[in-house]
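User: Please give a close account of a single part of this structure, for a reader who is seeing it for the first time. I should like to know how the chosen part is placed and what lies beside it.

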Amino acid sequence: MNLPIRPRRNRQSPAIRDLVRETVLTPGNLIYPLFLQEGDENTPISAMPGCQRWCIADLVKEAGEAHALGIPAVVLFPRIPEELKTSGAEECYNDEGLVPRAIRALKAAHPTLAVITDVALDPYNSDGHDGLVSADGSILNDESVEVLCKQALCHARAGADIVAPSDMMDGRVESIREALDDEDFTQVSIMSYTAKYASAYYGPFRGALDSAPKAGDKKTYQMDPANALEALREAAIDEAEGADILMVKPAGPYLDIITRLRDATALPIAAYQVSGEYLMIKAGAAAGWLDEDKVALESLIGIRRAGANMILTYFAKKVAAVL
Ligand code: PBG
């Protein structure tokens, strides 16, 4: 055949481009991470322009606006006052703590909004680690899992729809599932941070919550950025332990991991576009170098194309408004 093959025919008009498009991004794919704090004021987060730490009343308003734009879920990140942080992180399972109060307020105002909570000790732990720290500085696995179960139960009692363990301790998905089922919270889902890498892209987030580790780093529990097979192993374990949704985090620099998990499991995949990924786009736009809306949309469609069903992104509300 001597005819030239012309792929451009499929790109020639908006109508045809609509017909051949392989990936779509809708507000229904987005999860909106929200920071919260005590008191009745909001505090802008300097390292994350456009983000605030909300007081509960305004958190409820912001979540309601996002939900009205079609965003189905929010995920909560509390800033815990320094004086409530302890080496045992006991505040994380206080039923009158900041997170349970926020969950109750959100569910009362917006019953159809799914509320997701982060299960990890770092905001509550005077050591700033996701697990408990022993005298020699190592991170205790099984002792941490016991506390994480109490935290997950506390969130479930307050009305959380999904708990999301972000701590990377071994065996926590199974233990949390058992703890939830024992208390008849069989409908509460587990979104497991399955492949959570020890990433420098979390820097702005830790600043926003004053949650950076006081000593050492997170490399004995979060994954080495060099590893992909290890993510497959973590995915198989979390699936066997009863996770409902598997997460890859960060998202943009780990698109290959999203695709490999997509091919390896039938579970839904979530991807977290983290604070550093957000900040890079914001900084480029603030300098006048990038078109913020277009780059944000392109970054998200890329994450969807890689195989993520849902994306946690600080752009969620803005992008939903554009869509
Ligand atoms: C804590 C947690 C972190 C993020 C979400 N949950 C930080 C960390 O592991 O140090 C990072 C999110 C972001 O950077 O946007 N368990």
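Analyst: Two strands are said to pair if DSSP finds at least two bridges between them. Strands themselves are DSSP runs (E, at least two residues), just as helices are DSSP runs (H or I, at least four residues), and both are numbered from the N terminus. The structure is a predicted model, in which local features need pLDDT of at least 70 and side-chain atom pairs count only at pLDDT 80 or more, while totals for chains, interfaces and linings use all residues. Residues are numbered from 1 along each chain as its sequence is written, and side-chain values use heavy atoms, with hydrogens and water left out.

The part chosen here is strand β1, which covers residues 30–36. Of its 7 residues, 7 are buried, so β1 is largely enclosed by the rest of the structure. Buried denotes a relative accessible area under 20%, exposed one over 50%, and partly exposed anything in between, with a 1.4 Å probe and protein chains only. In a regular strand the side chains alternate between the two faces of the sheet. In β1, L30, Y32, L34 and L36 point one way, whereas I31, P33 and F35 point the other way. The residues on both sides are all buried.

Which strands pair with β1? One is β4, residues 73–78, which runs parallel to β1 and is joined to it by 6 bridges. Two individual partnerships show how these strands are matched: Y32 has V74 as its bridge partner in β4, and L36 has P78. Strand β12, residues 310–313, also pairs with β1 in the parallel sense, over 2 bridges. There, I31 is partnered by L312. Strand β3, residues 52–54, likewise forms a parallel pairing with β1 over 2 bridges, and the partner of L36 in β3 is W54. L36 therefore has a bridge partner in β3 as well as in β4.

The surroundings of β1 become clearer when its neighbour β4 is followed in turn. Strand β4 has 6 of its 6 residues buried, so this strand too is largely enclosed by the rest of the structure. From β4, A73, V75 and F77 point one way and V74, L76 and P78 the other, and every one of these residues is buried. Strand β4 also pairs in the parallel sense with β5, residues 114–119, over 4 bridges. Within that pairing, V74 stands opposite V115 of β5. V74 thus links the description of the two pairings, as the bridge partner of Y32 in β1 and as the residue opposite V115 in β5.

V115 leads on to D161, a residue found in the loop between α4 and β8 (162–165). D161 touches V115 and also K107, L113, A114, Q187, V188 and S189, not counting residues up to four places away in sequence. Touching here means contact, that is, heavy atoms within 4.5 Å. Among these residues, S189 is 28 residues from D161 in sequence, and the two are 6.4 Å apart in space, C-alpha to C-alpha. Is D161 buried or partly exposed? D161 is partly exposed, with a relative accessible area of 26%, whereas the residues of β1, from which this account began, are buried.
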